[in-house]
Amino acid sequence: MGDGKRFAVLLCAEDSDYVKKRYGGYYGVFVEMLAEDGEAWEVFKVANGEFPDDDEIANFDGFVITGSCNDAHGNDVWICKLIALLKKLDSMNKKVLGICFGHQILSRALGGKTGRAISGWDIGVTAIHLSSSTSTLFSSLNIPTTLSVIECHQDEVRELPPEAEVIAWSEKTGVEMFRYGDHMMGIQGHPEYTKDILLHLIDRLIQLSFIEDSYADELKANLGKVEPDKDAWKKLCTSFLKGRL
């Protein structure tokens, strides 16, 4: 089914011990969601300065940019290098899927603007609404026009790149998904996450004093009420990345 295609995960976060032990790192989480028989998957730890060589890029059929603890509006050396890589991938018309930080940095690389979300943290299972144009784009997938996805972010895309299109929104976030041409797409939420990953992240945010204990308790209490639409997201992400839309 994979037809010998090659894909790369551009890892923008340090793996926690928990995610390493349970899933083989965030790379393992993405491979579990996206990989199909006959494909080759590799990881580049870009947050540690590990990037594909220029002559390697052409050998990949698609790239996935992960979430991160860093700000997409920051100017760390590796972030600036990632922006340059994404511009190159755009010029080569490579398939790129950006998730959370990946969604934001992809927008920035293409000429958009990111920053702190006006509405503050968005953590939990959020309902996002596909735009009317999206229902045509994803019509072959037979998925609902409202999808639940796990979110964990305090930044957002504030201004889309020229020629990009909003394809989903939520009550809290105006740009939940965007596409740029037919080769680049960003998703603010985490379709790859499980609820136990989110619970682990909530505990880490408490330890780092990013959120208050009372807010964390509220989040945990609400987490059992709605399930993320993981199967629909898997179908959507794999279909985009493999060019089946």
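This is a short walk through one predicted protein model, from the whole chain down to a few residues.

Okay, some ground rules. Because the model is predicted, local features need pLDDT of at least 70 and side-chain atom pairs count only at pLDDT 80 or more, while totals for chains, interfaces and linings use all residues. Residues are numbered from 1 along each chain as its sequence is written, and side-chain values use heavy atoms, with hydrogens and water left out.

Let's start with the whole chain. There are 9 helices and 11 strands in the protein chain. Those come from DSSP runs, numbered from the N terminus: H or I over at least four residues for a helix, E over at least two for a strand. How does the radius of gyration sit against a compact globule? For 245 residues you'd expect a value near 18 Å, and the protein chain has 17 Å, which agrees. That radius is taken over C-alpha atoms, and the globule rule is 2.2 Å times the number of residues to the power 0.38. Along the principal axes, the C-alpha trace spans about 50 × 40 × 35 Å.

Now, burial. Of the 245 residues, 53% are buried. Buried here means under 20% relative accessible area, exposed means over 50%, and partly exposed is in between, with a 1.4 Å probe and protein chains only. Contacts are next, meaning heavy atoms within 4.5 Å. Take the contacts between residues at least 6 apart in sequence: 76% of them join residues at least 24 apart.

Let's zoom in on helix α5, residues 101-109. Why call α5 largely enclosed by the rest of the structure? Because 8 of its 9 residues are buried. Among them are F101, H103, I105 and L106. Just after α5, G111 takes a positive phi of about 115 degrees.

On the other side of that helix is C100, in the loop between β4 (95-99) and α5. C100 isn't a glycine, yet its phi is positive, about 55 degrees. It counts as buried, at 6% relative accessibility.

C100 also brings us to H153, because H153 is a buried residue with a relative accessible area of 4% and C100 is one of the residues it touches. You'll find H153 in strand β7, residues 146-153. Leaving out residues up to four places away in sequence, H153 also touches G120, W121, D122, T173 and Q188. And where does its side chain reach? To the backbone oxygen of D155, at 2.7 Å.

D122 and Q188 turn up again with E176, which touches both of them. E176 has its place in the loop between β9 (164-169) and β10 (177-180). Buried or exposed, this E176? It counts as buried, at 1% relative accessibility. Its contacts, again not counting residues up to four places away, include H103, T126, I128, E151 and W169. H103 is one of the buried residues of α5, so that ties E176 back to our helix. For a sense of distance, E176 and Y27 are 149 residues apart in sequence and 22 Å apart in space, C-alpha to C-alpha.

Last stop, S209, in the loop between α7 (195-207) and α8 (213-222). Phi of S209 is near 60 degrees, a positive value in a residue other than glycine. What about its accessibility? At 62%, S209 counts as exposed, whereas C100, with its own positive phi, is buried.

Key: Polar contact = N/O pair within 3.5 Å; in protein donor to acceptor, adjacent residues only side chain to side chain.
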